[in-house]
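Grab a coffee and work through these exercises with the model open beside you. Each task comes with a solution to check yourself against.

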Amino acid sequence: MRYDLLLRGGRVIDPRSGLDGVADVALHDGRVAAVGASLDAEGTLERDLAGCIVMPGMIDFHAHVYPAGTSLGVDPDALARRAGTTTWLDVGSAGAGNIAGLRDHVAARAATRVLAYLHVSFAGIFGFSREVMVGESWDLRLLEPAVCARVARENPDLVRGIKVRIGALTSGPHGLLPLHLAIEAAELAGLPVMCHIDRPPPTYAQVLETLRPGDILTHCFRPPPNAPLGGDGRVREACWQARERGVLFDVAHGMGSFSFAVAEAMLAQGFAPDIVSSDVHSLCVDGPAFDNLETMSKFLTLGMDLPSLVAAVSATPALKLGRPDLADLAPGSTGDVTVLELVEGDFTLVDVTGATRRTPRKLRTRAVVLAGRLWHEA
Ligand SMILES: [Zn+2]
């Protein structure tokens, strides 16, 4: 058998099939064609990936990739070469009033895949820079659930959920009201909600208690105030209850939302995140977030095992997006593959509080395969 592309001899980690071992991955006609140890096959193009990690295409479930159209956007294709990302979820850069630009100027032109959560605020995140910071959930005239739901329904291939930002910095005095409006939009559109949390009010527990099964709390391992840990250092009871109800916990590192101390305490008490994402945007792409590969390296350093980490950036987000074709390397799946390598050295990782951890190994992108085509090689 002759395939378009044959990736030979890497450590293939495909959490959905339970595969973690040295194998070959064959791609043909844009899809995964075969996975197995020493495939008896040839590739029009072949790569020997001994020592590398071969995984389903990495999904960054919280990012801002609407450059020029918004002040916080970064270029998805340019960053994907470094980050190893094959699918970006832009969460709330755009609202009903400007999602058309994300579709026409970004998603339609990018080689990497761009999907979105639509902000319940009409203009999306419009006032975001070092000098100007205006919360888009603050002015309730912008939050019109019926309009958000209609535009979401008009763009089903692109819009996979509803975003809202609440907290003292983003919604001011309105407490849980913007979240209730986002849930109203989500009910009308039949979609999940992703809720950002910053400083109280509302409290971490109030937000979790309001979310529905299948909704997502983003910035879940943020430092105090509004950390997932109570004053006693224990995981809040509300976290366990929300997880039991089916609420998902997404990291979304960003410039203010990932603390080593919090993440260490959460992991030590058996509360790993469901989804690992970067919240990469223009103010944190050069640190402390950098990209999702850096966030993965941080969780690896904290002791999260590689198969769980791969699941948190591929299978789990793909299924949440309603895209099982992106979730694994099963034959017939969309041929998006991320190839990583673990490089050895003496690296310093930094969180949003300035705290650091040293590590002797870090993940680096070796290659990105999009729709069965070798799109980038380091
Ligand atoms: Zn964000």
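**Exercise 1.** Work out what share of contacts between residues at least 6 apart in sequence join residues at least 24 apart.

*Solution.* In this predicted model, take the contacts between residues at least 6 apart in sequence; 73% of them join residues at least 24 apart. Next, look at burial: 54% of the 378 residues count as buried, each with 20 or more other C-beta atoms within 10 Å of its own.

**Exercise 2.** Decide how the radius of gyration of the protein sits against the globule rule.

*Solution.* Start with the parts: the protein has ten helices and 17 strands. The radius of gyration is 20 Å and the globule rule gives 21 Å for 378 residues, so the protein is as compact as a globular protein of that length. For the outline, the C-alpha atoms fill a box of roughly 65 × 45 × 40 Å along the principal axes.

**Exercise 3.** Put the strands of the seven-stranded open sheet in order and find its edges.

*Solution.* Reading across, the order is E6-E7-E8-E11-E12-E13-E14, and the pairing is parallel. Strands E6 (58-63) and E14 (248-250) each have a single partner strand, so they stand at the edges with one side lacking a neighbour in the sheet. On average, neighbouring strands here are turned by 30° against each other, ignoring direction.

**Exercise 4.** Zoom in on strand E12 and describe what surrounds it.

*Solution.* First, E12 (residues 193-197) pairs with E13 (residues 216-218) in the parallel sense over three bridges. Within that pairing, Met194 has Ile216 of E13 as its bridge partner. Then add helix H4 (residues 177-189), which lies across E11 (159-166) and E12 and runs at about 170° to E11.

Definitions and conventions. Residues are numbered from 1 along each chain as its sequence is written. This is a predicted model: local features need pLDDT of at least 70, side-chain atom pairs count only at pLDDT 80 or more; totals for chains, interfaces and linings use all residues. Two strands pair if DSSP finds at least two bridges between them. Helices (H or I, at least four residues) and strands (E, at least two) are DSSP runs, numbered from the N terminus. Axes are lines fitted to C-alpha atoms, for helices over the stretch in contact, and angles run from 0 to 180 degrees between N-to-C directions. Two residues are in contact if their C-beta atoms, placed from the backbone, lie within 7 Å. The radius of gyration is taken over C-alpha atoms; the globule rule is 2.2 Å times the number of residues to the power 0.38. A residue is buried if 20 or more other C-beta atoms lie within 10 Å of its own, exposed if 12 or fewer, and partly exposed in between; C-beta atoms are placed from the backbone.
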